[in-house]
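Trainee: I'm new to this one, so please pick a single part and walk me through it up close. Tell me what surrounds it, and then how that part links up with the rest.

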Amino acid sequence: MLHEFSYLAPRERKDLLQLLKKHSSQARLLAGGTDLLCEIRLGTDRPEVLIDVKNIAEFRGIAFSEQDGLAVGAAVTCVELMEHPVVRKRFPLLAHAAGQIGSAQLRNRATIGGNLCTASPCADLGCSSLVLGARVELVSARGTRVIPMKDFFTGVKATQLKDDEAVQRVFYPVVAAGAKWGMEKLKRIKGHDLAVVSVAIARTTQWLRVGIGSCAPTPVVAADLPPNASVKAVTEAALKAIDPIDDVRASREFRLAMVQEFIAKLLPALS
Amino acid sequence: MKIHVKVNGKDYTREVAGNRTLLRFLREDLGLTGTKEGCGAGECGACTVILNGKTVNSCLVLAPEVDGGVIETVEGEAKNGKLSKLQEAFHRNHGVQCGFCTPGMLMSVKSLLKIHPKPTVAEIKEAIEGNFCRCTGYQQIIESVLDATGQLKPRKEEIRRVR
Amino acid sequence: MFDNIPDSELKIVGKGVERIDTVEKLTGAALYTGDWVVPGMLHGKVKRSPHAKARIKRIDTSKAEKLAGVHAVLTGKELDYRVGLYLVDKHVLAKDVVRHFGEAVAAVAAETPAIAQQAVDLIQVEYEVMTPALEPKAAAQKGAPLVHPDLGKYDYVKAVFTPVPGTNIANHTKLRKGDVEKGFKEADKIIEREYTNPNVQHVPMETHVTIGQWMVGDRISIITSAQSPFTVRNLFAHSFGISHANIRVYIPYVGGGFGGKAGIHLEPLCCLLSRQAGGRPVKIQATREEEFSMLPCRSGLVYHIKTGVKKDGRIVAQKMTMYWDAGAYADYAVNVTRASGYSAAGPYEIPNAWVDAYTVYTNKPFGTAYRGFGHVEFSWGMERHMDLCARTIGMDPLKFRMLNALKPGSVSLTGEHITENTGNVRLCMQEVADSIGYGKLSAAEKAREKKTGMKIGKAVVALHKAPAMPPFTGTVVILKMNEDGTVTANLSLTEIGAGTYTSIVQIIAETLGFPVEKVRLPVENDTDRDPYDWQTVASKGLLLSGNAGILAAQDLLARAYEVAAQVLRANPCDLAHDDEKVYVAHHPEKAVSFKAMAVGYAYPDGNAIGGPLVGVGRYVAQGLSNLDKETGQGHPALDWTYGAHGIIVEAHPRTGEYNVIKVASAFDVGRAINTRSVRGQAIGGMLQGLGTAMCEGYRYAPDGRLLNPNFTDNKIPTSLDMPEEIDCIAVETPQIDGPFGCRGVGEHSMIAICGGLGNALQNAVGADLTHMPIRQEDVWRALQAPKKAGRK
């Protein structure tokens, strides 16, 4: 049962920004809806207005250049990420992580912007984007700002986003293109599930980063270790970055153990 | 707001509220009750329909979002009073038990067959992973798909009987 | 009803006939209760308790009542009706106290679901929160805080159950066979351990839905997603003091039940709201979250087993104590306790046995029937324990099982003598053992271990179950011949997905000598149209309704022969028939068509004889008795279906990650009526069993809140969670009183999978587990403990 709300679908970016300004905290941006509509159904979120961003050109599409790197519109779906030739070739970790989300039906709807803005500690695109050094473009009627992904997440389901702001694009620097990578996700079944623990590693000639999901209030990254860092060193850095809890999905103890297992498994095998 | 959609090849224009889900729109506004609600939270896949060529959980799509869209549901599968090849295979192979997951299951399989006309077992399993079935254990569903695509080895479908 | 007809002479029975109900289900034409809209229908919503145990201090419904579009608001205060299957302990809405998280405390009927929800949100309930009882063993002790202080005043079925007033024990089932203490003295080893299971949800894909209407003159109309129309009618009549004749229960297509829809659930509340709303029909459709907490689940179990074994492997004594965690209400749990009590040892012979099985009230969502009816739960402990016993005396677990298995000449726990025709559990075990290559690893398996770093383990487990039902359980099938010589069958077993209807059509068609297409069995049930059946539970439907179907077909043919004998001026004993006509056996050209006799045979001049042809078949379970309350001795079992699973699993010796490589299952089905349906039940139940074994189960906060009432955190198996390989075997030892020799197999496939998984995992990596489900974390944790036993 969804409570009554207004549905607005602006076609122009400027209209969207005005609507956001007007409705502010009463509005939620709707992209794939696969998280938002669940929250609304459970009554844990009761916005008055839903503003659909899917019809706005600036929120769509994937662009790549050797100068600027990859720019992904916030309303790009997981399937679009998974199937995009440049993403597959140059940012395979991102394509892989998008494929980890939900079921096929969900991936056809769920968007990168939605996954990041929901800001769940288990967001599959969270730890993978963190290790790729992603930056987030926030837009509002007041202007545009771009912040590093690691500053974007501020707590469990909390971000830097102001009430009148929207995530328009996510940028991935060209330096991360072609990084060696690996990702492991612990689930409770082999079918679709949230990450009970996830670990993503990316390595370039300049650095090595390990991102961890479901082990802290936000996805976290232990960034810029030397590219030849040992399993021991990476593990130490990772354990320093996390503080898992006991919950219905797993215990703290098991999560800590699995993070170590995953690092030990992934690091020697980086593709 | 007013929306125009094409459902199973037929055009509809309806006034819908902002909070109308596609699932309730199909079931309550268009009377197409074949599509079922199993959880309302996008987990079980019972409400799967094909929207603009892609499967979606219709419980997590708003009707106003699909304005101008093309939708396929279970009701469009049989043509001229005849089961489709896929439906016939499900019928033959006991790919249905209680039937509540079936409409969504068919849509996921239909979508798969557009991309992989002769899917492997692994591809079938991957494609229906988002559709819970509590009755069949999936095996006879998988065999139905193999049969529909001419890949079922007859030997495998019967139980071994021992006296 | 077994005529020992060879397969070669059967045209329809024993074949993988297409199901009779799938075309509607494949096209979306099948209407389930949720698809129904009745003129004037209102929508009901429920206010549920957020606490496990609390006193209701005050409920303020004034704002809800004033909301436009609201037609009825109810709380427990205005209602004084109790409902209960065997023990009448549940108010329709909580009265004064709430006893579990999710319990219904108030309800609203309104013109739209949205208004109803809004009204529910406007109802304010003030609670005084109390400390809940969450552990069944602790709750069973004398002096534990009582969940039902009034237990002594409740009505219950006295011939069968034994509540203990002043405690939380809703039923105490006892079984005493031989001299257990003497047996323990004779034993070389005594092995004792405790095993536990959580609550588990059935998860039918269709949640509970009901449309109820209480009209002037106390006429009741119910459309509902239920397994048993006559049980809904009977319990409704008893709870409200209304004549059975005034109550009509209609059951459309049902989207799965698995026991969760066996009793009476939303029906009383819908009807009470309807009465309050001036007789307008009221629909309540449970949300998935409500399905997990407001509606019932499967009881948890703490199972303590003490076994005395001789060095040669013979079990000489066994003491079994079960604490069934019924949750807040007794519902089916008291009968689960009874049925599992008399089956508690599994398919093994125990010369000296002692069972105490307690149904214990706690402040959790209440337990009801669930596929296996207690056997899934206790088999977890028993099959783990059998391996522990075998290991303790240094015997191979399969050899140990074979040695102790029930066989012709054995005496069951209740004193029943096992015969050649009871079934062959040893053959089931042997078949699955062969199928999985028990006892060794193949070259391919060794290579796989090397490649993956995982360790492979194998196990064979065995199971049994008989229908848990009253000894006088009966049913009726009525066959009506239509004008064109086809027949329509009416019965009240429901088709909840298992495929039983197709098998019954096959049995009727085979008996009539008609093709399947000439026998119509409507899927919907209606107590005003169809004759009585007790319930669609217990895997008894095929046997009882199948027999009634045979009798109805024979009766119909006898009626047709009477008419034909007159028309053809022949002795009935000289007649024969095919699917079109009755003819004189030695003059086949002298014939009269069924069509001509269907609604009364008319001579050319208009004179008529016979009247419309109807066949009636009544069947009641034969030779069963209530069990002695002190010793548990008696004859409870219509038939025993035996079975076995062979499981191959691979597991990582450090992380506990595991994959189920193969499950082979064999059941002694007597005769497979529909080979594809048997396979569908075998595999479907196997995967449901793996769900229970691997990932399902309720988890509670210390205050009794249910933490996972949804699919986000209560996973069920998907297609990716299937074993890599599946093998199904039907052993066919004919059941003498089964139609064409068959037995039920609906529940059995789910039983013992858990123990099999646990044993295979222990054989693979040494993880020694006593609690299910077995999540990866549990295996990992067990591997942290010093290895108790590894693979040989």
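**A close look at one strand**

Mentor: Let's start with one pair: Leu463(C) stands opposite Gly643(C), which sits in strand 31 of chain C. Keep in mind as we go that this is a predicted model. Strand 31 of chain C is the part I'd like you to look at, and it covers residues 641-651. Of its 11 residues, 11 are buried, so the strand is largely enclosed by the rest of the structure. Now check where the residues point. Thr641(C), Gly643(C), His645(C), Ile647(C), Val649(C) and Ala651(C) go one way, while Tyr642(C), Ala644(C), Gly646(C), Ile648(C) and Glu650(C) go the other, and all of them are buried.

Next, the neighbours. Leu463(C) brings us to strand 20 of chain C, residues 455-465, which pairs with strand 31 of chain C in the antiparallel sense over 11 bridges. Strand 31 of chain C is also joined to strand 32 of chain C, residues 658-668, by 9 bridges, and these two run antiparallel as well. For one of those spots, find Ile648(C): its bridge partner in strand 32 of chain C is Lys662(C). Strands 31 and 32 of chain C make a hairpin with 6 residues between them. In that turn, Gly656(C) has a positive phi of about 80°.

Now zoom out to the sheet. It's an open one of 5 strands with mixed pairing, and the order is 6(B)-33(C)-32(C)-31(C)-20(C). Strand 6 of chain B (160-162) and strand 20 of chain C stand at the edges with a single partner strand each, so one side of each has no neighbour in the sheet. On average, and ignoring direction, neighbouring strands here are turned by 20° against each other.

Notice that the sheet takes in a strand from chain B. Strand 6 of chain B runs parallel to strand 33 of chain C, residues 725-731, and 3 bridges join them. Arg161(B) has Ala730(C) as its bridge partner, and Val162(B) stands opposite Val731(C).

That pairing leads us to the contact between the two chains. In total, 54 residues of chain C are in contact with 44 residues of chain B. On the chain C side, the elements giving two or more residues are helix 1 (22-27), helix 12 (425-436), helix 17 (675-694) and strand 33. Helix 17 of chain C supplies the largest share, 11 residues. By class, the side of chain C that touches chain B has 26 nonpolar, 18 polar and 10 charged residues.

Note on methods
Residues are numbered from 1 along each chain as its sequence is written. Chains are lettered from A and ligands numbered from 1 in the order in which they are written. This is a predicted model: local features need pLDDT of at least 70, side-chain atom pairs count only at pLDDT 80 or more; totals for chains, interfaces and linings use all residues. A residue is buried if 20 or more other C-beta atoms lie within 10 Å of its own, exposed if 12 or fewer, and partly exposed in between; C-beta atoms are placed from the backbone. Helices (H or I, at least four residues) and strands (E, at least two) are DSSP runs, numbered from the N terminus. Two strands pair if DSSP finds at least two bridges between them. Axes are lines fitted to C-alpha atoms, for helices over the stretch in contact, and angles run from 0 to 180 degrees between N-to-C directions. Two residues are in contact if their C-beta atoms, placed from the backbone, lie within 7 Å. Ala, Val, Leu, Ile, Met, Phe, Trp, Tyr, Cys and Pro count as nonpolar, Asp, Glu, Lys and Arg as charged, and the others, Gly among them, as polar.
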